[in-house]
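User: I am new to this structure and would like to understand the words used to describe it. Could you take me through them?

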Amino acid sequence: MVKSIWHLTLIIFFFLTLLRSTTPDPVYHFQQYLRIKTAHPDPDYPTAVSYLHELAKSIPNLQTRILNLHPHKPKPLLLITLPGSNPSLPSLLLNSHLDSVPAEPSKWLHPPFDAVKTDDGCIFARGAQDDKCIAIQYLEAIRNIFYKHPGFKPIRTVHICYVPDEEIGGLDGMAKFVESDEFKEMNVGFFLDEGQASTNDEYRVFYADRSPWNLVIKATGQPGHGSKMFDNSAMENLMKSVEVVSKFRENQFDLVKAGVARNSEVISANPVYLKAGIVADSSGDGKFVMNMQPSEAEAGYDVRLPPTVDPDLLKKRIADEWAPASRNMSFHIVEKGPLRDYAGRPLVTATNDSNPWWTVFKSAVEAAGGKLSKPEILASTTDARYMRVRGIPSLGFSPMKNTPILLHDHNEFLKDTIFLEGIKIYESIIKALSSFEGATP
Ligand SMILES: *[C@@H]1O[C@H](CO)[C@@H](O)[C@H](O)[C@H]1NC(C)=O
Ligand SMILES: *[C@@H]1O[C@H](CO)[C@@H](O)[C@H](O)[C@H]1NC(C)=O
Ligand SMILES: [Zn+2]
């Protein structure tokens with residue numbers, strides 16, 4: 001008796017395993033992928049790459065390559081290719097980054113790497129929105145295309161790349177990939193990258209990123225006794241500037257509050273640190289000398305520029321008003337990203353009929369029953385800037401509608417039905433773009 005129950009259990013277990021491996025269950029694949037810890041500071045890239053590699057091998061017609069972007073560090077990039085019948089046409093590249101930001105488990109309802117699915121279908125995990133959803137959706141969409149139309153023949157080649165390190169700037173990720181021979185040979189004509197969730201019924205689409213600057217303004221001035229009243233101390237000089245920048249910030253923010261511009265369409269200049277004063281002693285208790293006015297003071301700002309802004313005009317404003325030499329001020333800008341492409345054009349992708357990729361993309365979303373909201377500039381940056389700087393049209397798009405925006409937040413989740421609808425949208429996009437034979441710029 002005991003023995004036969006054991007046998008029965010084994011048979012059921014075997015059957016379930018078989019079922020798992022023959023019935024593609026996209027939501028299950030999504031959960032499995034979310035359970036691989038690719039959060040910084042210690043992302044497990046090899047496991048993520050081998051998981052996606054295996055998944056790709058279960059789908060017809062896909063070729064796979066693994067590139068090692070760094071000679072000494074484990075920074076693999078998985079490249080998947082669906083060859084088109086006319087390789088001379090520029091290809092389509094779909095991108096998903098492998099890494100995610102860290103999570104603080106104590107602030108979460110469910111452990112952030114368990115990918116728990118609640119009764120109402122919400123899958124909680126770090127990376128659920130940013131951006132492991134699209135990683136699986138791309139593959140499951142291609143699987144569905146061949147399941148529904150076994151004879152489907154793409155004309156343009158479609159590539160998918162899974163890149164490391166997007167969340168930490170992409171220097172060992174996309175920045176290295178775009179320099180590689182493999183990338184050059186791909187002749188990429190159009191790039192689709194991650195976007196963001198939308199809280200309503202329309203999908204959001206992003207045609208540009210804002211460019212980040214780290215700005216430090218420094219003031220010098222006469223030092224003096226803390227009791228003395230005198231003009232032009234370093235603190236006074238800095239504080240005058242802080243007021244000017246605050247006024248500028250307020251004016252930009254007013255445009256947003258009045259509904260004239262979106263958050264991502266104005267220049268943001270947010271103060272992130274103030275540094276001045278003379279530390280009292282080396283005890284490390286952070287006390288300052290109180291009877292001395294220091295000879296130096298500085299402030300740091302996170303500045304973000306939409307691509308429509310002329311960077312030289314902003315630099316002139318900083319030199320004239322925010323850190324004027326006449327007030328013994330100086331400044332230093334670390335530009336964290338490009339503002340113009342190789343030909344000197346602003347880093348924007350046209351979202352009108354001048355861009356044939358856009359026209360095909362938009363109708364494909366609509367053909368699958370989706371609706372796009374007005375194209376936006378992304379408030380932060382993504383790997384798409386590495387493409388736009390090469391003049392490759394690029395859109396940010398993650399098909400998540402009716403979903404709270406939770407990227408980098410606690411309790412990041414995505415609902416299974418929304419995830420599955422996203423696959424349908426990509427089926428339509430991939431079919432349409434890979435069948436598109438028209439001329440492209
Ligand atoms: C600038 O610094 C010089 C030298 O310390 C000082 O003589 C002058 O008054 C300062 N001017 C202002 C506007 O701070
Ligand atoms: C299309 O969009 C681009 C980029 O925003 C713009 O420069 C161009 O004038 C637009 N063309 C048309 C025909 O509207
Ligand atoms: Zn992301």
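**Two helices and their crossing**

Analyst: Happily! Let's start where Pro26, Val27 and Phe30 in α2 meet Asp416, Phe419, Leu420 and Ile423 in α11. Please keep in mind that this is a predicted model.

User: Why is α2 called roughly perpendicular to α11?

Analyst: The axes of helix α2 (residues 26-34) and helix α11 (residues 416-435) cross at roughly 110° and come within 10 Å. Angles of 65 to 115 degrees count as roughly perpendicular, so α2 is roughly perpendicular to α11.

User: How do you know which classes the residues of the contact of α2 with α11 fall into?

Analyst: Val, Leu, Ile, Phe and Pro count as nonpolar, whereas Asp counts as charged. The contact therefore divides into six nonpolar, no polar and one charged residue.

User: Now the sheet. What makes β11 and β14 edge strands?

Analyst: Each of them, β11 (268-276) and β14 (329-335), pairs on one side only. The order in this open sheet of four strands is β11-β13-β9-β14, and the pairing is antiparallel. From one strand to the next, the twist averages 20°.

User: How do you know that β11 and β13 count as paired?

Analyst: At least two bridges are needed for two strands to pair. Eight bridges join β11 to β13 (residues 296-305), and the two run antiparallel, so they count as paired. In this pairing, proline 271 stands opposite tyrosine 301 in β13.

User: Which helix lies across these strands?

Analyst: That is α7 (residues 234-257), which lies across β9 (211-220), β11, β13 and β14. Helix α7 runs at about 15° to β13. Angles under 35 degrees count as roughly parallel, so α7 is roughly parallel to β13.

User: What makes the shell around ligand 1 a shell without nonpolar residues?

Analyst: Around ligand 1 are Gly221, Gln222, Asn232, Asn237, Arg327 and Asn328. Arg counts as charged, and Gly is among the residues that count as polar. That shell divides into five polar, one charged and no nonpolar residues.

User: And which residues surround ligand 2?

Analyst: Ligand 2 has Val348, Ala350, Asn352 and Ser354 around it. Val and Ala count as nonpolar, and the shell has two nonpolar, two polar and no charged residues.

User: Finally, how many helices and strands does the chain have?

Analyst: The chain has 11 helices and 17 strands. Its C-alpha trace spans about 95 × 65 × 45 Å along the principal axes. Of its 441 residues, 39% count as buried, the cut-off being 20 or more other C-beta atoms within 10 Å of a residue's own.

Key. Residues numbered from 1 in each chain as written. Chains lettered and ligands numbered in written order. Predicted model: local features only at pLDDT ≥ 70, side-chain atom pairs only at ≥ 80, totals over all residues. Axes fitted to C-alpha atoms, helices over the stretch in contact; angles between N-to-C directions. Contact = placed C-beta atoms within 7 Å. Parallel < 35°, antiparallel > 145°, perpendicular 65-115°, else oblique. Near = placed C-beta within 6 Å. Buried ≥ 20, exposed ≤ 12 C-beta atoms within 10 Å, placed from the backbone.
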